[in-house]
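Okay everyone, thanks for coming. I'd like to take you on a quick tour of two helices and how they sit together, so let's get the picture up on the screen.

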Amino acid sequence: MAELTEPTDLSGLTGLVAEVLQIPADEVTEETGTATTAAWTSLRHVQIVSRVEHTYGIRLTAREVRRCRSVGALRAALAAKRGTP
């Protein structure tokens, strides 16, 4: 698993999301999500969550998975799981 010194590091999360969505990383912002990006389908959502859990060594509850519908929400969930503000 990749260890990040800062779990809210958007660049690492941005690259992960861009790779799963198969879009350029410079198109990924905190607002990128199910409501703004056609490539973010339900299947890709599961893939993103799975990669985030594996990469960052966390487990999200079903409720958290449903709430993590954007990069910003994923970043907030990571911060909460890792105990950082």
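**Two helices, one contact**

Let's start with one side chain: Glu-53 reaches the backbone nitrogen of Leu-60, and the distance is 2.8 Å. Keep in mind that this is a predicted model.

So where does Glu-53 sit? It's in helix H2. And is Glu-53 buried or exposed? It counts as buried, because its relative accessibility is 13% and the cut-off for buried is under 20%.

Okay, let's zoom out to H2 itself. This helix covers residues 42-56, so that's 15 residues by the definition of a DSSP run. From the first C-alpha to the last, H2 reaches 21 Å, close to the 21 Å you'd expect at 1.5 Å a residue. Glu-53 has company on the buried list: His-45, Ile-48, Val-49, Val-52, Thr-55 and Tyr-56 of H2 are buried too. Look at the numbering there, and remember that an α-helix has 3.6 residues a turn, so residues three or four places apart point the same way.

What about a residue of H2 that isn't on that list? Try Gln-47, which lies in this helix. Gln-47 counts as partly exposed, because its relative accessibility is 33%. Gln-47 and Val-17 are 30 residues apart in sequence, and in space their C-alphas are 9.3 Å apart.

Right after H2 comes Gly-57, and its phi is positive, near 65°.

Now for the partner, helix H4, residues 71-82. H4 has 12 residues and reaches 16 Å from first C-alpha to last, close to the expected 16 Å. Its buried residues are Val-71, Gly-72, Leu-74, Ala-77, Leu-78 and Ala-79. Like H2, which has Gly-57 after it, H4 is followed by a glycine, Gly-83, with a positive phi near 75°.

So how do H2 and H4 pack? Their angle is about 30°, and the axes are 12 Å apart. The crossing is right-handed. On the H2 side, the contact is made by Ile-48, Val-52 and Tyr-56, and on the H4 side by Leu-74, Leu-78 and Arg-82. You've already met Ile-48, Val-52 and Tyr-56 among the buried residues of H2, and Leu-74 and Leu-78 among those of H4. Sorted by class, the contact has 5 nonpolar residues, no polar ones and 1 charged.

That's the tour, happy to take questions!

Note on methods:
Residues numbered from 1 in each chain as written. Predicted model: local features only at pLDDT ≥ 70, side-chain atom pairs only at ≥ 80, totals over all residues. Heavy atoms only, no water. Helix = DSSP H or I, 4+ residues; strand = E, 2+ residues; numbered from the N terminus. Expected span 1.5 Å × (residues − 1). Buried < 20%, exposed > 50% of the residue type's maximum accessible area, 1.4 Å probe, protein only. Polar contact = N/O pair within 3.5 Å; in protein donor to acceptor, adjacent residues only side chain to side chain. Axes fitted to C-alpha atoms, helices over the stretch in contact; angles between N-to-C directions. Left-handed = near helix turned anticlockwise from the far one by under 90°. Contact = heavy atoms within 4.5 Å. Nonpolar A, V, L, I, M, F, W, Y, C, P; charged D, E, K, R; others polar.
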